[in-house]
Amino acid sequence: MRMVDIIAKKRDGLELSSEEIQFLVSGYTDGSIPDYQMSAWAMAVLLRGMTPRETGDLTLAMAGSGEQLDLSSLKGIKVDKHSTGGVGDKTTLVVAPLVAAAGIPVAKMSGRGLGHSGGTIDKLESFAGFQVERTREQFLQQVREIGVSVIGQSGNLTPADKKLYALRDVTATVEAVPLIASSIMSKKIAAGADAILLDVKVGKGAFMKTLEQAETLASAMVQIGTQVGRRTVAVISDMNQPLGFAVGNALEVKEAIDTLAGRGPKDLTELALAIGAHMLVLGELVADVEEGRKRLEEIMDSGKAVEKLAQMIEAQGGNKEDVYNPDRLPKASLTAEVKASQDGYISAIDAETVGHASVVLGAGRLTKEMPIDLAVGIVLAKKRGDQVRKGDVLATVHANDEILLKQAVEELKGAYTYDSESLIDQPLIYKIITE
């Protein structure tokens, strides 16, 4: 085979064979296919697309390009969860211990944040001493013992995806849906999941800005999962405003603990219960979503969800007392309030602007090497649809630098849109896509 022929075939809109896809993934991984040829192929995919069969083959080839985690020693059906990322999205911090407390083993690898999408691993490091790097045996043994572990991604998991992901970023091919879908699903498959729950965000604070884009991506990923024998469900959820009230690592951890205790924001609680209920169905613990939701609500009320998080934090080197007394988590030295500039109803909160303001404070990073400040961030006091009077507090900014504090406050002022009448709110969950 020759890579130039594969490029030409895709350029002309023809379907590649399984062998051709395996050839290009193997060749790009070992360096025999150069970046400039892979770039041409990626652009051809962006313009011409791929069939579901091609996308499935690409996913499996990338999953097989490096290590694959074998979770067969763990009892039960292992259900993984992935979010496409958003502002204030601390859902994994709630769902992982909640679902584990119900009896679904959660062996999860998560990434660090880049831009305004905070990473689960960064948030967990708000617990002093928490270890995100674990050996494979430590990881599996912890799941056997307490039912849950969340660690950083293995260095040799899907190396083909790592190379292609970096290439797409600099060749204007990031938006190619088959490449996004195969990138996400290859990591989930390599991580050993039996079933997969996808939380696909849509809106101003998400990568997918329109419902049509989100549905296209969600459908592609569910098709891949079905094709490769993994039961997959996609929940399309709103990211036109931040999820919950807190944006920033330690602040989000506190909110996640409140939510596990049944005291969390309505939207975060609702999304966590919806995702968790579907995970219980995928794990064959319950017959339907309604039964799953009821069971999870009971676990929240009993205190077992908070207890499960405390067990995970302690098992990975943290202090479980930080879970029961979250005031021990990192705190910023400075605060300032953002106040309403007029009377009315909040008709929109630009999630992207809020996310960028949190990055200005140091809660996020612009490059993978940048350090982050675990203590800083933003806590909203009002959400979309709320009535406000001029001078009411809209948000409190937490900072460790006076200049950055002022910059973030000014930026946040532009995140709010007002209306004279109360508006019908947008749904939290737009659609659920199953096989």
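A salt bridge is here a side-chain nitrogen of Lys or Arg within 4 Å of a carboxyl oxygen of Asp or Glu, and a search of the whole structure, which is a predicted model, finds 31 salt bridges. Side chains of opposite charge can pair when their charged atoms come close. One such pair is formed by K187 and D161, whose side chains meet at 2.9 Å, N to O. The two partners come from distant parts of the chain, 26 residues apart, with K187 in helix α9 (residues 177-190) and D161 in helix α8 (residues 159-170).

**Overall form**

The secondary structure of the protein comes to 17 helices and 13 strands. Taken along the principal axes, the box that the C-alpha atoms fill is roughly 70 × 45 × 40 Å. For 435 residues a compact globule would have a radius of gyration near 22 Å, and because the protein has 22 Å, its value agrees with that expectation. The domain assignment divides the protein into three parts, listed in the table with their residue bounds.

| Domain | Residues |
|---|---|
| domain 1 | residues 3-49 |
| domain 2 | residues 79-325 |
| domain 3 | residues 332-419 |

**The contact between domain 1 and domain 2**

The C-alpha centres of domain 1 and domain 2 lie 31 Å apart, and the contact between these domains takes 13 residues from domain 1 and 12 residues from domain 2. The size of an interface is often given as the accessible area lost when the parts come together. For domain 1 and domain 2 that buried area is about 1,000 Å², with 79% of it on carbon and sulfur atoms. Y28, T29 and L46 supply 44% of the area that domain 1 buries against domain 2, which is more than any other three residues supply.

How many salt bridges and polar contacts are counted between domain 1 and domain 2? The count of salt bridges between these two domains is zero, whereas one residue pair, with both residues at pLDDT 80 or more, is in polar contact. On the side of domain 1 that touches domain 2, the elements giving two or more residues are α2 (18-30) and α3 (35-48). Of the elements on this side, α3 gives the most, with eight residues. Sorted by class, the side of domain 1 that touches domain 2 has eight nonpolar, four polar and one charged residues.

Methods
Residues numbered from 1 in each chain as written. Heavy atoms only, no water. Domains from an automatic or database assignment. Contact = heavy atoms within 4.5 Å. Buried area = accessible area lost by both parts, 1.4 Å probe. Polar contact = N/O pair within 3.5 Å; in protein donor to acceptor, adjacent residues only side chain to side chain. Helix = DSSP H or I, 4+ residues; strand = E, 2+ residues; numbered from the N terminus. Nonpolar A, V, L, I, M, F, W, Y, C, P; charged D, E, K, R; others polar. Rg over C-alpha atoms; globule rule 2.2 N^0.38 Å.
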